[in-house]
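Got the model open in your viewer? Here's a short walk through it, one selection at a time.

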Amino acid sequence: MTEPSARSDTPVSGTQPQEADVLRHMLRSPGYLKALAFCALIGIPVSLAAFWFLVLLHELEHGLWADLPHAMGRDIPPWWWPFPLLLVAGTTVGLVATHLPGAGGHVPASGLHTGGPSSAALPGVLLAAVAGLPFGAVLGPEAPLIALGGGLALVFRDLAKVPATPQSTALLGAAGAAAAVSAIFGNPLIAAVLLIEVAGVGGPQLFAVMLPALLSSGVGALVFTGLGRWTGLETGDLSLKLPSPLPRLDVADVLWALAIAVALAAILAPLLAGARLVASYVTARPLVRTVLCALGAAACAALYALITGRSPAQVVSSGQSTLAELASDPHAWGVGALLAVLLFKGAAYMLCLGSLRGGPVFPGLFLGAAASVLLSPLPGLGVAAAMAAGMAAASAITLRLPVSSVVLVVLLLGSAALMPVVILAAVVAFVLTELLPPGPAAS
């Protein structure tokens, strides 16, 4: 029996050759090639918008939590500092949620979502983010960035008079979101992987959506990186400097990584269920109850400052800068401070997930890292391996995106040396979380 020619157009039994034919036809389509080029162009303005959006958030947060207290003669904000700032955040987000189109974006307790908001809803999303995140919301900027990138891509599509079809909406929305998300993570790869899992598509359609997303995020990363170097401005991108060289893994590291994943699943899964209950509670009276939840988060930060004598800024906001400090000098945190920050930041995180607007990634990473540093003195467990496992497990639990969690943590570590414990912790934590009762859905 002769083998089929490599140039034969006759499909072989099975689905793979048929899918390959579909993909080949799609890549040869003039319409798709035009869309691909359009997505590359979209990466430029979207990355510019993402850069200045993150600069604004970073400068506002630094001014409110560092510069202003220093101007008052204080090294750190006083214990009561979170109350007025989070009152502003809760009131503004509550007003946006009740009066502006789109309600300021989706409630973060429901997870990340792809797709850009309508042009009418985009101002509310940005206003809720600017009024919430720098003022102390225990959330990250990734959800508003996804909305910003996807929304701007659709605005540019309408300005260019590109036909508005379901395919173009999905393709351009993913491309714009990836270009924006690559800014905060500092790497286009994690943006593309994250969008793959969030979108939940597969087969040839996966390539059709993700090729523009990867291309746009790569172009965006070039522009974004150049802007940072040219202007000297900071955006607060996440980067860790663990003690080097990273240790070689042994059996104890692997076993403890599994235990850390189980422990974090037992802690964070109920916390996320609580956040969904908070979201249901807020739905009935959005303005008043959003303010109450924001003040509850402020109370958590104030109690932490009163009990530990440390800055309330370690509890509020996304935790990006605090995570970098923890990674560079984990021994500067005593057992009491670690327990307190886990308790109070976890409670504030739950309240903000259900009421304010933002993303779940960065506070979850911080909680996983803090829990791991607390457990790192266990026999045979090092700080680096513990943090790698803890961040991977926490990310997989909060995002429900195991592949993205692995890629994100490996890129943050800057080395593949700890990849085995990262993968094990992420997979175990994800499986355990999925096997637990789902609890209430976010409204």
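A word you'll need on this tour: a residue is buried under 20% relative accessible area, exposed over 50%, and partly exposed in between, using a 1.4 Å probe and protein chains only. What you're looking at is a predicted model, where local features need pLDDT of at least 70 and side-chain atom pairs count only at pLDDT 80 or more, while totals for chains, interfaces and linings use all residues. Residues are numbered from 1 along each chain as its sequence is written, and side-chain values use heavy atoms, with hydrogens and water left out.

**The whole thing**

Start with the cartoon view. You'll find 16 helices and 0 strands; these are DSSP runs numbered from the N terminus, with H or I and at least four residues for a helix, E and at least two for a strand. Of the 443 residues, 51% are buried. Switch on the surface: the protein exposes about 18700 Å², with carbon and sulfur atoms supplying 68% of that (areas by the Shrake-Rupley method with a 1.4 Å probe; for residues, only the protein chains shown count as cover).

**Stop one: the salt bridge**

Select R400 and E434. They form a salt bridge, with the closest N and O atoms 3.0 Å apart; the rule asks for a side-chain nitrogen of Lys or Arg within 4 Å of a carboxyl oxygen of Asp or Glu. The count by this rule is 1. R400 sits in the loop between α14 and α15 (402–413) and E434 in helix α16 (residues 419–435), so the pair ties together parts 34 residues apart in sequence. How accessible is E434? It is partly exposed, at 40% relative accessible area. R400 is partly exposed too, at 32%.

**Stop two: L399**

Now pick L399, in helix α14 (residues 383–399). With 13% relative accessibility, L399 counts as buried. Show its surroundings: leaving out residues up to four places away in sequence, L399 touches L112, L194, P360, V361 and S405, where contact means heavy atoms within 4.5 Å. Add G111 too: its C-alpha is 6.5 Å from that of L399, although the two are 288 residues apart along the chain.

**Stop three: the nonpolar patch**

Finally, select L68, M72, W79, W80, L303, L306 and I307, which form a nonpolar surface patch with about 690 Å² of accessible area together. Patches take residues with over 30% relative accessible area and no salt bridge, joining like charges within 9 Å and nonpolar side chains (Val, Leu, Ile, Met, Phe, Trp, Tyr) within 5 Å. Helix α10 (residues 286–308) gives the most, with 3 residues. I307 lies in helix α10 and counts as exposed, at 58% relative accessibility.
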